[in-house]
Amino acid sequence: MITISQEKRHRVRRTMVNHVDIKFSEIENLMKARMKSFDRANFKSYSDQSTESTKELAYKFVQEYLQCSTIHGVKYLGKLRIKPSIVGRLFWALIMICSFLFLAWMLSRFWARYTANPTRTVIESFQTPIYMIPFPAITLCPLVAPLAKTRMKLLKRLRLPDNMDNDTANFLLRYGPSWANEHSPAGKDYVNNLEELLDINHMTFMDFLKFLRPCEDLFDSCSWNGETKNCSELFKVSYTFTGICCSFNYLLEDYIKTGRKKNDSDIVRTDLYGPKSGLRIVLHPDLLAHIDNTAIRFSTNSIGVVMFPHHPLEYVGTIAVRQILQAEQELWISVTPLVKSFKTIEHSHQDDAGDLVLHCADETFKLKYFPTYQYTNCFISCAIRAVVQLCGCVPYYYAPVADMYSLRICGWEDWQCLYTNADEIRIIQNVKTENFSCECINPCLNVFYDIQTLSSVLNGQQDFNVSPVYKNLSKSQAVLRVYLSSETFTVMHTIPLADRLYLLASVGGIFSLFVGCSFISSIEILYFIGLFLRSYSSSKKTK
């Protein structure tokens, strides 16, 4: 017989068992409902879908992908347990469309920035010693007539044509070197007279210019780092776009003649800085003594000696920095070197047209007419190609290049061609036409010389106890000082912002921001396409 307490315990056990049975029954029913809602029964094996059409098979694959895709939001476009309204579906479809539109807009903006090749500049050092940088080459070009004594010396040696008197010959000797190129067309009316004078004396135009423009006619005295030097040892004849000049520490023409670089020790360097160091020259007392306005009409709008500070391996072109030194003037040139280098793993990028463009020109980048790459040298090389193409010759101021590459120097019969095509053969920027193209880029290692000038008047009130250079200066003389401003200089690196790693990371971030997908999402799409193709192939074989 069961006692009252045993009966109560029996009822509790029966109630707990029934409760557990009910829980298991509910879980089983719930799992069946989920499987039915997702229609898993129809996806046992896609290879067994032999009785279904291709459209039905593709529909089921799409539904499967929408439920399993890692792209955010697409699952709400498929079948859901909670059936949304038409307004809800349209709203969500609108959200997805807007997300993809913003994605496309952001990608287009990013691609425009990427193809623009943005860069940033970082400072490597402010304290690089100045002896590691070349002292700038100094080129002096007179914008005045040759010295009277030099002209008279040449006039005595010349035999004049029958129809030419001494005044006409002296006029040709005085102003001939000033207008003897296409940059000064004012003297082209006298070309025939000059040609007749030189032909009768069997003298070339180059001989004529060299005789009238010797470097010793420019200088009275020179010094380097406070030590007096022979000016002929420091300066040598050089060629620039203005004609024949005189240069200090200029090695490009030597490199052109040999076709290769010389030793690095040939370039002048210094570890001294300040106004008492560097290069100091005093111009010849007669160079700027007798100046008239006629010279301006046959040369430029300036009178004096033009000074070009430039790299020792850089040709002096029309875009070169310059200063004018005039009579009764002392010109102080403070030079601050700056080195900029371009560092990148990738050597090129694509422009707007899809063409590969180099970031910079390294040591392997070759020019046709120069052994070393400099930005100015590239444009001069293009100018030489242009004048050869148009006139079949090169002006006399390209004489070192002409000698090295066997190019014809333009004669008297070619001067009209030079005058007519002066704009086409003076190239200072990238050019691309149907018959000619020139594209120059910055070198990977670029040396700049930033200059600051200070000018004072030589009025005889200088303190002669400070420097004896001011003693006995005439009113027509001028003094030039060029020196380094500091014992150190700055080295900077330019780094591209838009490399391929930047491209990959940015595109991935944009896709993740707007649609929440990743690289795996794209592989996922390919994977489902592969499953569909396999199932479709199997169904075809079964039929």
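The exercises below work through a predicted model of one protein chain.

Residues are numbered from 1 along each chain as its sequence is written. In this predicted model, local features need pLDDT of at least 70, side-chain atom pairs count only at pLDDT 80 or more, and totals for chains, interfaces and linings use all residues, while side-chain values use heavy atoms and leave out hydrogens and water.

**Exercise 1. The chain as a whole**

State how many helices and strands the protein chain has, and what share of its residues count as buried.

Solution. Start with the secondary structure: the protein chain has 15 helices and 17 strands. Helices (H or I, at least four residues) and strands (E, at least two) are DSSP runs, numbered from the N terminus. Next comes burial: 43% of the 543 residues count as buried. Buried means under 20% relative accessible area, exposed over 50%, and partly exposed in between, with a 1.4 Å probe and protein chains only. Last come the contacts, where contact means heavy atoms within 4.5 Å. Among contacts between residues at least 6 apart in sequence, 75% join residues at least 24 apart.

**Exercise 2. Two residues of helix H11**

Find where Ser-381 and Cys-378 lie, and list their contacts beyond the neighbours within four places in sequence.

Solution. Ser-381 is in helix H11, residues 375-391. Its relative accessible area is 4%, so Ser-381 is buried. Outside its sequence neighbours within four places, Ser-381 touches Leu-367, Lys-368, Tyr-369 and Phe-370. Cys-378 also has its place in H11. Cys-378 counts as buried because its relative accessibility is 4%. With neighbours within four places again left aside, Cys-378 is in contact with Leu-367, Tyr-373, Glu-439 and Cys-440. Gln-429 is 51 residues from Cys-378 in sequence, and their C-alpha atoms are 9.9 Å apart in space.

**Exercise 3. Helices H4 and H7**

Describe how H4 and H7 pack, and which residues make the contact.

Solution. Helix H4 (residues 148-157) and helix H7 (residues 205-212) pack at an angle of about 140°, and their axes are 9 Å apart. Axes are lines fitted to C-alpha atoms, for helices over the stretch in contact, and angles run from 0 to 180 degrees between N-to-C directions. H4 is therefore oblique to H7: angles under 35 degrees count as roughly parallel, over 145 as roughly antiparallel, 65 to 115 as roughly perpendicular and the rest as oblique. On the H4 side, the contact is made by Thr-150, Arg-151, Lys-153, Leu-154 and Arg-157, and on the H7 side by Phe-208, Phe-211 and Leu-212. Sorted by class, this contact of H4 with H7 has 4 nonpolar, 1 polar and 3 charged residues. Here Ala, Val, Leu, Ile, Met, Phe, Trp, Tyr, Cys and Pro count as nonpolar, Asp, Glu, Lys and Arg as charged, and the others, Gly among them, as polar.

**Exercise 4. Aromatic rings**

Classify the aromatic pair of Phe-171 and Tyr-190, and place both residues in the chain.

Solution. Rings of Phe, Tyr and Trp (its six-membered ring) pair if their centres lie within 6.5 Å; planes under 30 degrees apart count as stacked, over 60 as edge-to-face and the rest as tilted. The structure holds 21 aromatic pairs. In the pair of Phe-171 and Tyr-190, the centres are 5.0 Å apart with 55° between the planes, and the pair is tilted. Phe-171 is in helix H5 (residues 166-175), while Tyr-190 is in the loop between H5 and helix H6 (191-200), 19 residues apart. Phe-171 counts as partly exposed, because its relative accessibility is 21%. Tyr-190, at 26%, also counts as partly exposed.

**Exercise 5. Positive phi angles**

Give the phi values of His-202 and Asn-249, and decide whether each residue is buried or exposed.

Solution. His-202 is not a glycine, yet its phi is positive, about 55°. The residue His-202 lies in the loop between H6 and H7. Its relative accessibility is 75%, so His-202 counts as exposed. Asn-249 has a positive phi near 60° and is likewise a residue other than glycine. The loop that holds Asn-249 runs between strand S6 (243-248) and helix H9 (252-258). At 6% relative accessibility, Asn-249 counts as buried.
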